[in-house]
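Colleague: I am new to reading strands in a protein. Could you walk me through this one?

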Amino acid sequence: QVQLVESGGGLVQAGGSLRLSCTASGRPFSSTTMGWFRQAPGKEHEFVMAITGSGGTTYYADSVKGRFTISRDNAKNTVYLQMSSLKPEDTAVYYCGAPRMPALVSRSPTDYYYWGQGTQVTVSS
């Protein structure tokens with residue numbers, strides 16, 4: 001069973017920064033796309049960013065362009081989400097996910113089968 005564990009969430013003021021981490025186990029990490037999604041209370045899961053197994057290609061939502069960066073360290077089986085210039089509307093539970101088919105490239109949460117438990121990010125105004 002693939003397991004994903006997120007960490008790094010917290011409370012920050014608008015304009016601040018956080019770095020989230022997601023550590024994976026249970027599959028060859030370098031071969032799998034990894035994605036970050038978020039869910040605000042009462043809202044659907046929203047795509048944030050994704051990265052291919054090699055790290056050569058990244059995908060992002062327009063809402064985080066220029067503010068967030070996704071990266072991975074395959075030697076540590078870890079994917080990161082560096083968040084800067086945070087806004088109150090970024091407040092959500094952030095989840096990392098992996099598709100059932102490791103090489104699948106998708107911005108849709110429905111294509112991600114494995115999920116971490118989530119980490120709360122709260123941005124105060």
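Modeller: Happily; here are a few questions about the strands and their partners.

This is a predicted model, in which local features need pLDDT of at least 70, side-chain atom pairs count only at pLDDT 80 or more, and totals for chains, interfaces and linings use all residues. Residues are numbered from 1 along each chain as its sequence is written, and side-chain values use heavy atoms, with hydrogens and water left out.

Colleague: Which residues of strand β11 point to the buried face?

Modeller: Strands (E, at least two residues) are DSSP runs, numbered from the N terminus. Buried means under 20% relative accessible area (1.4 Å probe, protein chains only). Side chains alternate along β11, residues 119–124, and Gln120, Thr122 and Ser124 point to the face that is not buried. On the other face, the buried ones are Thr119, Val121 and Val123.

Colleague: Which residue of β11 stands opposite Val12?

Modeller: Two strands pair if DSSP finds at least two bridges between them. Strand β2 (residues 10–13) runs parallel to β11, with four bridges joining them. Opposite Val12 stands Val123.

Colleague: And which residue of β11 stands opposite Tyr94?

Modeller: Strand β9, residues 92–99, pairs with β11 in the antiparallel sense over three bridges. There, the residue opposite Tyr94 is Thr119.

Colleague: In β8, what is the bridge partner of Ser71?

Modeller: Five of the six residues in β8 (residues 78–83) are buried. Strand β7 (residues 68–73) pairs with β8 in the antiparallel sense over six bridges. Ser21 stands opposite Tyr80 in β8, and the bridge partner of Ser71 is also Tyr80.

Technical notes. Buried means under 20% relative accessible area, exposed over 50%, partly exposed in between (1.4 Å probe, protein chains only).
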